[in-house]
Amino acid sequence: MTIQNRHLLMLLLAISWLLIGAIWAGVHPRSSAWAGQENQALEKTASAIGEAEHAESAHELPFSPILLELAVVTGVAMLGRWLAESLKQSSVLGELLIGVAAGNIGFWLGIPLFVMVMHLGEAMPLFSEVWLTGRAVSDAASEIFSTAELAEGGSASRLVEIMTGPDGPRYVAMTFALWMFSELGVILLLFMVGLESQIDEMLKVGWRALMVAIVGVVAPFVLGMLTGMWLLPDAGSTVHIFLAATLCATSVGITARVFRDLGRLQTREAKVILGAAVIDDVLGLIILAVVVGIASTGQIDALEIGRISLLSILFLGSVLMFGGKLVSWLVPLVTTLEEHHVKLLFPLALAFLLAWIASAIELAPIVGAFAAGLILSEEHFKKVSGQTTMESLIAPLERIFAPIFFVLMGMQVNLQSFLDPTTFWLALAFSAVAIIGKLVCGLLAGRDTDRWSVGLGMVPRGEVGLIFASIGKGLGVVSGSVFSALVVTVIITTLITPISLKWSLFRTSEVDEQM
């Protein structure tokens, strides 16, 4: 490691500590853990201080900690991008790694907010249950988590303790806000990717994308089944099926960001990957419905599989076939209401609407946002005055919120998972299967396409893999060690993609220049 890199690493760790301290101070402004002023005199006057804090907090807006949180995470993302660019790496890698550093430091210190973020996959179902039903946290937790998970010292027990504590509502609000900002970021990212893609160009690689997606699901599923049967022979077939299904997932957000950072979204490789990722999401959803049905009832629900398949095909087919014509009819109508900002407001409204519809039929919201970007073009606004494009208007929003998604992904990476030898070897095997299974699908990309880049672009599991794994754990199908191994697999595939994909794309560029 060079002296410059050492200095960058030391600066990274120092600023991570300062940023964690800023969040902690914002949530607990008088916390003795950071002030270091605890003594007997303070203990005797604890009641008086508590009353003073209550009076002070009465003038504080409930939204204030979230503002601090947003400022800090944005600063963390900026630092990560600067570090990555200093090392000549993709900015998304810097955002992921800075999230890993900050998240683990905060988690090791036991800061409640970081504990909740680290266990966000377990916390979100509890948030939803409490939010939708109005039930007490402890009552909702008893139905969501098993008795063993709620035992003292477990992550579920710690979540309940934090949420029912005196500052529980504040921590819940901050965690939920961070998740919401990150989801908004990835929706805007895929919407921007759709805007920068052309539907005609996407359809040209449709068959290739379909073949890549099918092989990209079948190969990891088969390899995952075989690996599960080999390494976990005592586990039931349901565990093997769920493991295989988790390895099928693909997170297009990370790959799309790398292509955008490198200015390669218009390449054939990017179009094949994006098209395959949309199909992959539909296929993955069908597989998830199958394995959840098997895990819950012991049998396959053919009606549910048919319903999801039909709704997915109808949604995507209708949007791609009729969406452009509908937009052409709506834009003049909306322009009469808001002419000056129609290029900003109408595209955003359409992206959010289609993301909601996709979510309503149990597709990923990013599929709807991507579809919205595909059907929009500058031609729809040719009668609107001004030279500013849709991309230039929406890009600042995406640059604010998309990095939050990648920082949050990094903050959920628990480095302690690597310390368990069993988890380590399982993760190593799962990661090899996950990578090989997706590299194989690149062989179907065609001779005029860089197959390595396509295969590498399909590798990251990201949030999709985490969702699959958390569902399996929630159903009691996936054990703690297998779950940790799957999380590590998500980490490895997520972190290696920016590096390997950048290498592959630059390798292709050098070959083209030599020819």
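Let's start inside the fold, at Asn-104, which touches Met-118, Val-413, Asn-414 and Leu-415 when residues up to four places away in sequence are left out. Asn-104 belongs to helix H6, which covers residues 91–108. At 1% relative accessibility, this asparagine counts as buried, because the cut-off for that label is under 20%. Keep in mind as you look around that this is a predicted model.

One of the partners of Asn-104, Leu-415, leads us out to the surface. There, Leu-415 joins Trp-108, Phe-418, Phe-424, Trp-425 and Leu-428 in a nonpolar patch, whose accessible area comes to about 610 Å² together. Which helix supplies the largest share of this patch? That is H21, residues 421–441, with 3 residues. Phe-424 lies in this helix, and its relative accessible area of 34% makes it partly exposed. So Phe-424 passes the requirement of over 30% relative accessible area for patch residues, while falling short of the label "exposed", which calls for over 50%.

With those two spots in mind, let's step back to the whole chain. The protein has 24 helices and 0 strands. Of its 515 residues, 50% count as buried. The protein exposes about 24200 Å², and carbon and sulfur atoms supply 66% of that area. Among contacts with a separation of 6 or more, 78% are between residues 24 or more positions apart.

How far can you trust what you see? The mean pLDDT is 77, and 80% of the residues reach 70 or more. Confidence is highest in helix H18 (residues 342–360), at a mean of 91, and lowest in helix H2 (residues 32–35), at 36. Across residues 29–57 the pLDDT is below 50, and this stretch has 15 contacts in the model beyond near neighbours in sequence.

Helix H9, residues 137–144, is a nice place to look at how one helix sits among others. Its buried residues are Val-137, Ala-140 and Ala-141. Viewed down the axis of H9, these buried residues fall within an arc of 100 degrees, so they line one face of the helix. The spacing fits a familiar rule: an α-helix has 3.6 residues a turn, so residues three or four places apart point the same way. And what do the buried residues of H9 pack against? Their neighbours are helix H8 (120–133) and helix H10 (155–163).

H10 brings us to the charged pairs. How many salt bridges does a search of the whole structure find? The search gives 4, and we can visit several of them. Within H10, Glu-161 forms a salt bridge with Arg-158, with the closest N and O atoms 3.6 Å apart. Both residues lie in that helix, 3 residues apart, or about one turn. Arg-158 is partly exposed, at a relative accessible area of 26%.

Another pair takes us back to H6, the helix that holds Asn-104. The side chains of Glu-95 and Arg-81 meet in a salt bridge, at 3.1 Å from N to O. This pair links distant parts of the chain, with Glu-95 in helix H6 and Arg-81 in helix H5 (residues 64–86), 14 residues apart. Is Glu-95 buried or exposed? Its relative accessible area is 0%, so Glu-95 is buried, whereas Arg-81 is partly exposed at 22%.

A further bridge joins Glu-378 to Lys-343, again with the closest N and O atoms 3.1 Å apart. Glu-378 lies in the loop between H19 and helix H20 (390–411) and Lys-343 in helix H18, so the pair ties together parts that are 35 residues apart in sequence. Here the lysine is the buried partner, at 10% relative accessible area, while Glu-378 is partly exposed at 28%.

H19 itself, residues 365–375, contains Val-367. This valine is buried, with a relative accessible area of 5%. Val-367 and Ala-277 are 90 residues apart in sequence, but their C-alpha atoms are 9.1 Å apart in space.

Our last stop is helix H14, residues 237–248, where you will find Ile-241. Its relative accessibility is 19%, and Ile-241 counts as buried because the cut-off is under 20%. Ile-241 and Gly-224 are 17 residues apart along the chain, and 8.1 Å separates their C-alpha atoms.

How values were computed:
Residues are numbered from 1 along each chain as its sequence is written. Side-chain values use heavy atoms; hydrogens and water are left out. Patches are made of residues with over 30% relative accessible area and no salt bridge: like charges are joined within 9 Å, nonpolar side chains (Val, Leu, Ile, Met, Phe, Trp, Tyr) within 5 Å. Accessible areas come from the Shrake-Rupley method with a 1.4 Å probe; for residues, only the protein chains shown count as cover. Helices (H or I, at least four residues) and strands (E, at least two) are DSSP runs, numbered from the N terminus. Buried means under 20% relative accessible area, exposed over 50%, partly exposed in between (1.4 Å probe, protein chains only). The arc is that of the directions from the helix axis to the C-beta atoms. Contact means heavy atoms within 4.5 Å. pLDDT is the predictor's confidence in each residue, from 0 to 100.
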